[in-house]
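User: I have a model open on my screen and I'd like to learn how to read it. Could you walk me through it, feature by feature?

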Amino acid sequence: MAKKIKLNDKNTEFYEKIVELSGEQVALCDQCGTCSGGCPFVEEMDITPSQIMRLVMLGQKSVMDSKTMWICASCFTCTVRCPRELDVSKVSEALRQTKLRTAIDEISIEDISKEEAKKLPTIAVVGNFRKFTG
Amino acid sequence: MSEKRKMLKVYLAGELFDVPEGSTIMMAFEYAGFQLKHGVGCREGYCGACATIYREKGDYKLKGGLACQTVVTDGMTIAQIPFVPAEKPIYDLTELTPDVSTFTELFPAVFRCVSCNTCTKACPQDIEVMDYIQAIIRGDIARAADISFDCIRCGLCAMRCPAEIVQYNNATLARRLYGRYLAKKSPELDKRVQEIEDGKFDEQIRELNEMEKEELSKIYFDREIKIS
Amino acid sequence: MKIPYFPGCTLKTTAKNFELSAIASAKKIGIEFIELDRWNCCGVVSSLTSDDLMKHLAPVRNFLRVQEMNKQGIVENENRMITLCSMCYNTLSLSNQRMKENADDLQKINDFMHREDDDYKGDVDVVHFLSILEEYGFDKLAQKVTKPLKDLKVASYYGCTLLRPKSVGIDDTEDPKILEKFVESLGAEAVDWDAKSRCCGSYHTVNNIDIVYRLVQGIIDDAKKNGADAIITSCPLCAFNLDVRQSEIKEKNSDYQTIPIYYFTQLMGIALEIDKIELGLEFNKIDPEIILTKLNLL
C-alpha cells in the first residue's frame, strides 16, 4: 500500500472520535505488526490491522473505505498479543460503529435465503446483525 | 348535565385547545373540531386503530396509549398517529414450520432485539412484549403466542423499538403457527365443524337471517354466556 | 449442588444436543442446573465501544434473574450463573466486568431498567461449566467415569471466546490445558494441535461463507494432521461452522475426509454412560456414531 499521506491532512476530529469510542490510545501503537501477523482473517483484508492503526493514528478518514474492520470478527487474537496492550478489536468496533450510527447497514438482513434460514443457528444471526447493522 | 364541566388545556397536533375534563384523547380531538378519518376505529379499545403518543405536563416520559381509552390530563401534548408503516411479508401458513427458522426467513429483524424493554413500556395492553420477542428468538413459539394473546396490533411497540422490529406482526405469526401446528387438537371442534358442514344449523341460520333487527338485538343481549 | 443456569437461545434450538447432554452429565456428578426464569438473549457478541451501554442491558437483566432466584430461595447463596455456550459466557462476562468496574455505568443501567423490581448489585459471577468441572476436580471426574473413552483421539477446540480477551478467559490464552485435562479425565487421548484457538469465522457464516470454509478447512486439516478422531467444542457457533459447513465442503468434494464434531458434554455423557437418548447425537451433522461404534463406546 504505497500511498503518500500528508501529515497536515490529519483529521483530528476523526482521530479523537475513534479514540473516544474505542477507549484506546491509538497513538501508542508501535507498528510492530504483531496484530497483523496473528490475525486469522488478514488474507481476506484489503489493508492489515496494523495499517488500520496507523491510518487512524494519522487521522485519515479514508480508512473508512477499507473492508478490514468488517472482516474482523472480534476474535481478540490481536488484543491478547499486542505488546502495547492496545485492544485493536475495539478500534475495529469503533470504526464499524462510526458507519452504523449513520443508519447505514453493512449488510442487508433480508438477503438470507430460505435455505440458509432453515440451517443458520440463532447465535450466528444475532451476532451478525449486532456487528453489521445499526 | 347540570354542573358545568371543568375545562382542561391540551395541545392537539401542536395547537392549544380547551376540552372538558374526563374526555378521552379521541373525544378531545372531536370536541376541538377535528374530524378523524384515520387512526380511529371501534372506539371501545378492541381494534387497535387509534394509537397515540403524548407527553403529560412536567413528565419527561413519552407515553403511548389508545386515543379511545386514554383520558386527557391538563397540559397534555398529543400527537395522533394515523398508522404505523410496517414490514409485512406475505407467507403461506401451510408451507411454514413452527420454529425459529421461520422467523429467520420472514422477520430477520427480530434478532436485533437488545432487551431494552421499550416495547413493553409502550404497550397499552400491558403485554410483556419483550418477553414474547425473546421467546421467538429462542424458538418457543407457544410461549410467544401465549404472552402476545391480548395484542390488538396498535403498533406502539414497533414505533418505539430501537431495533426496528415489528413486534405485532411477529406475534401474529407466532399465534398463527401455534394455532395451526402446536395447539392441542380438539375433537369437539372437528365434530362441530362436521355438523356445520352436514347442515345441522342451516335452519337456525336461516331463521336468524330472516329476523328483524330489533328481535335479533334482543336475543343477542339476552343470550346466556357460559364462563368456564 | 444447585446452580442458576443461563442456557442461551441456540441451546434451545439447533444445539439441543449440547444442553441435553450437559444437564444429564452434570446431574450424574451431582450438579443440578436450575434454569433462569424469563432469561433473555445475551446479544452473542459484546459491544466494544465505550458509550454503547444499551447493549449491556440484556446481560444485566439476566443477572437480575439470578438475584431473584436467591431472594426467592430457589438457590441458596449461589451468586454464580453457569453457562454452557462459550459466546454467552464471553458476552455475559464482559458486561458483568464492566458493571463491577464502573459504578456510573451500573447506575445508568439500573435507572433505565426502572420497571425491574430490584437494582443489579454487581455481585453475580458468570462461570463456564468447564470451570465448574475444574473446581469439581478432573481426578474426581475420572473416578466417576464408567466407560473410559479408550483409544479415542480428541482434538480440543477452544475457539476464541473461552480464552479471549484475557480478563474473561478461563485458561491461558496461548497455551490452554483445561479441555485436554477434561479429555484425559474421560480416558480419551488429548491430541496436541496448532489450531485449537484459531477463529472458525464466527458470524461471517451468515453473509460471507467463503471465509468460514477457508478457516474451517484449516482447522479440520490441522486436527487430521495430528491424528485426531474427533473435535470437541463448547460453542454452538463453532460447532455449526465446524460441523455443518464441514459437511458442505464434503458435498462439494466427495474425496474430503470429514471428522466428527462433538460438544464436550456429549463425550462426557458417553464416558458416564448416560442414556443415549440424552446425548442428542441425531443433532450432529457429521455422523458421530461411526468412530464411537468402532471403538465400542456406544
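**Reading the fold, chain by chain**

Analyst: Sure, and keep in mind that this is a predicted model. Let's begin with chain C: of its contacts between residues at least 6 apart in sequence, 78% join residues at least 24 apart. For chain A the share is 66%, and for chain B it is 58%.

User: What is chain C built from, in helices and strands?

Analyst: Chain C has 11 helices and 8 strands. Its radius of gyration is 19 Å, close to the 19 Å that the globule rule gives for 298 residues, so chain C is as compact as a globular protein of that length. Its C-alpha atoms fill a box of roughly 60 × 45 × 30 Å along the principal axes, and 53% of the 298 residues are buried.

User: And how many helices and strands does chain A have?

Analyst: Chain A has 8 helices and 0 strands, so to speak a plain read from the N terminus: α-α-α-α-α-α-α-α. With 134 residues, a compact globule would have a radius of gyration near 14 Å, and the 16 Å of chain A agrees with that. The box for its C-alpha atoms is roughly 50 × 30 × 30 Å along the principal axes. Buried residues make up 45% of the chain.

User: What radius of gyration does chain B have, and what would a compact globule of 228 residues have?

Analyst: Here the two numbers part ways: a compact globule of 228 residues would come out near 17 Å, but chain B has 22 Å. Its C-alpha atoms fill a box of roughly 60 × 55 × 30 Å along the principal axes, and 36% of its residues count as buried. The secondary structure comes to 10 helices and 5 strands.

User: Which helix of chain B should I look at for burial?

Analyst: Try helix H8 of chain B, residues 187-197. The number of buried residues among its 11 is 0, so H8(B) lies largely in the open. Just after H8(B) comes Gly199(B), with a positive phi near 85 degrees.

User: How do I read a positive phi when the residue isn't a glycine? Where is there a case in chain B?

Analyst: Arg153(B) is one: its phi is positive, about 60 degrees, and it is not a glycine. You'll find Arg153(B) in the loop between helix H5 (141-147) and helix H6 (156-160) of chain B. Ala13(B) also has a positive phi, near 50 degrees, and sits in the loop between strand S1 (7-12) and strand S2 (15-20) of chain B.

User: Is Ala13(B) buried or exposed? And Arg153(B), buried or exposed?

Analyst: Count the C-beta neighbours inside 10 Å. Ala13(B) has 12, so it counts as exposed. Arg153(B) has 21, so it counts as buried.

User: Where is the cis peptide bond in chain C?

Analyst: Look between Arg164(C) and Pro165(C), where omega is about -10 degrees. Pro165(C) is in the loop between strand S5 (153-156) and helix H7 (178-185) of chain C.

User: Now helix packing. At what angle do H1(A) and H6(A) pack?

Analyst: First, the general idea: an α-helix has 3.6 residues a turn, so residues three or four places apart point the same way. In this case, helix H1 (residues 12-22) and helix H6 (residues 88-100) of chain A pack at about 115 degrees, with axes 8 Å apart. The crossing is right-handed. On the H1(A) side the contact uses Lys17(A), Ile18(A), Leu21(A) and Ser22(A); H6(A) contributes residues including Val91(A), Ala94(A), Leu95(A) and Thr98(A). By class, that contact has 5 nonpolar, 3 polar and 3 charged residues.

User: Which residues have the most contacts inside the largest nonpolar core?

Analyst: That core has 186 residues, and the ones with the most contacts inside it are Ile133(B), Val154(C), Ile232(C) and Leu267(C). Leaving aside residues up to four places away in sequence, Ile232(C) touches, among others, Val154(C), Leu179(C), Phe264(C) and Leu267(C).

User: Last topic, the interfaces. How many residues does the contact of chain C with chain A take from each?

Analyst: It takes 34 residues from chain C and 34 from chain A. H9(C) gives the largest share of the chain C side, 4 residues. That side divides into 18 nonpolar, 12 polar and 4 charged residues. Between chain B and chain C, 14 residues of chain B are in contact with 13 of chain C. Helix H4 (residues 129-137) of chain B gives the most to the chain B side, with 3 residues, and that side has 5 nonpolar, 4 polar and 5 charged residues.

Note on methods. Residues are numbered from 1 along each chain as its sequence is written. Chains are lettered from A and ligands numbered from 1 in the order in which they are written. This is a predicted model: local features need pLDDT of at least 70, side-chain atom pairs count only at pLDDT 80 or more; totals for chains, interfaces and linings use all residues. Two residues are in contact if their C-beta atoms, placed from the backbone, lie within 7 Å. Helices (H or I, at least four residues) and strands (E, at least two) are DSSP runs, numbered from the N terminus. Ala, Val, Leu, Ile, Met, Phe, Trp, Tyr, Cys and Pro count as nonpolar, Asp, Glu, Lys and Arg as charged, and the others, Gly among them, as polar. Axes are lines fitted to C-alpha atoms, for helices over the stretch in contact, and angles run from 0 to 180 degrees between N-to-C directions. A crossing is left-handed if the near helix is turned anticlockwise from the far one by less than a right angle, and right-handed if clockwise. A nonpolar core is a set of buried Ala, Val, Leu, Ile, Met, Phe, Trp, Tyr and Cys residues joined through C-beta atoms within 7 Å. A residue is buried if 20 or more other C-beta atoms lie within 10 Å of its own, exposed if 12 or fewer, and partly exposed in between; C-beta atoms are placed from the backbone. The radius of gyration is taken over C-alpha atoms; the globule rule is 2.2 Å times the number of residues to the power 0.38.
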